[in-house]
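Q: I'm new to this structure and would like a close look at one part of it, the sheet. Could you walk me through how its strands are put together, and then show me what sits around it?

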Amino acid sequence: MLRTILSITGKPGLFKIVSQGNRMLVVEDIMSKKRMPVHARDKVVSLGDIAMYTIGEDKPLGEILDLTYENMKGEQIDIKGLVAADGLRDKFAEILPDFDRDRVYPSDIKKLFTWYNTLVASGMTKFAAEEAEASEENKEDAAAE
């Protein structure tokens, strides 16, 4: 599921791929459901391709979002309160204790929490499990051909 969710530089929010055209995508804002084209010149990143630095191996975003969902028990994160109290790193350390404190910046954590709030508000509750199922289906389809 996260493979079809996009972050587009210069545009607030997250978008879901609806269709693909010639050198463009048609995306839908996951909150407002408003559709728009995204052209080849726009910088687009799939959430399924993002990982965060840890002391060991990098951790995929889907796994971190699942850990966040468990930690928050499905509730929204008060980002403004954490920023005001300089608590972003402390809260993230609760969720992912082995994150690399030198390479993960507060702005990265804030963006992660913002994405988490947006995804949960749009009704998503499972992140990494759906990615694993999707990759299994893709492997089965490739083997059948």
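**A walk across the sheet**

A: Let's start with the sheet itself, which is open, has five strands in the order β4-β3-β2-β1-β5, and pairs them in the antiparallel sense. At its edges stand β4 (35-39) and β5, each with a single partner strand, so one side of each has no neighbour in the sheet. Going from one strand to the next, the twist averages 45 degrees. Keep in mind that what you're looking at is a predicted model.

A bit of background helps here. Strands of a sheet pair through backbone hydrogen bonds, and the pairing can be parallel or antiparallel. In a regular strand, the side chains alternate between the two faces of the sheet.

Now let's take the pairs one by one, beginning with β1 and β2. Strand β1 covers residues 5-8, and two bridges join it to β2, with the two running antiparallel. If you want a spot to find on screen, look for I5, which stands opposite K16 in β2. The two strands make a hairpin with six residues between them. In that turn you'll find G10, with a positive phi of about 90 degrees.

Next door is the pairing of β2 with β3. Here six bridges join the strands, again antiparallel. F15 is a handy marker, as it stands opposite D29 in β3. This pair is a hairpin too, with two residues between the strands, and R23 in the turn has a positive phi of about 60 degrees.

Stay at that turn for a moment and look at N22. It belongs to the loop between β2 (15-21) and β3 (24-29). N22 counts as exposed because its relative accessible area is 66%, and the cut-off for exposed is over 50%. N22 and H39 are 17 residues apart along the chain, yet their C-alpha atoms are separated by 9.1 Å.

H39 also takes us to the next pair, since it is the bridge partner, in β4, of M24. β3 and β4 are antiparallel and pair over five bridges. They form a hairpin with five residues between them, where K33 in the turn has a positive phi of about 65 degrees.

That leaves the other edge, β5, which spans residues 44-46 and includes S46. Is S46 buried or exposed? S46 is buried, because its relative accessibility is 11% and buried means under 20%. Leaving aside residues up to four places away in sequence, S46 touches L2, R3, I5 and L6. One of these, I5, is the residue you met opposite K16.

With the sheet in mind, step back to the whole chain. There are seven strands and five helices, and the sequence runs through them as β-β-β-β-β-β-β-α-α-α-α-α. Of the 145 residues, 34% are buried. If you take contacts between residues at least 6 apart in sequence, 55% of them join residues at least 24 apart. The accessible surface comes to about 9,000 Å², and carbon and sulfur atoms account for 50% of that.

Beyond the five strands of the sheet, there's a pocket to look at. The largest pocket has a volume of about 280 Å³. It is lined by 15 residues, and those closest to its centre are I50, A51, D108, K111 and W115. Both β6 (51-52) and α4 (106-121) supply at least two residues of that lining. The biggest share comes from α4, which gives four residues.

Two loops among the helices are worth a quick stop as well. K73 sits in the loop between α1 (61-72) and α2 (79-84). It isn't a glycine, but it still has a positive phi, of about 55 degrees. K73 is exposed, with a relative accessible area of 70%. D86 lies a little further along, in the loop between α2 and α3 (88-95). D86 has a positive phi of about 50 degrees, and it is not a glycine either. Its relative accessible area is 67%, so D86 counts as exposed.

To fix the picture, go back to the sheet and trace β4-β3-β2-β1-β5 once more. The hairpin turns are good places to pause, with K33 between β3 and β4, R23 between β2 and β3, and G10 between β1 and β2.

Key: Residues numbered from 1 in each chain as written. Predicted model: local features only at pLDDT ≥ 70, side-chain atom pairs only at ≥ 80, totals over all residues. Heavy atoms only, no water. Buried < 20%, exposed > 50% of the residue type's maximum accessible area, 1.4 Å probe, protein only. Contact = heavy atoms within 4.5 Å. Areas by Shrake-Rupley, 256 points an atom, 1.4 Å probe, with all protein chains shown as cover. Pairing = 2+ DSSP bridges. Axes fitted to C-alpha atoms, helices over the stretch in contact; angles between N-to-C directions. 1 Å grid on protein atoms, 1.4 Å probe; cavity = no way out; pocket = protein on both sides within 12 Å on 5 of 7 lines; lining within 4 Å. Points joined across faces, edges and corners; volume = space filled by probe spheres on them.
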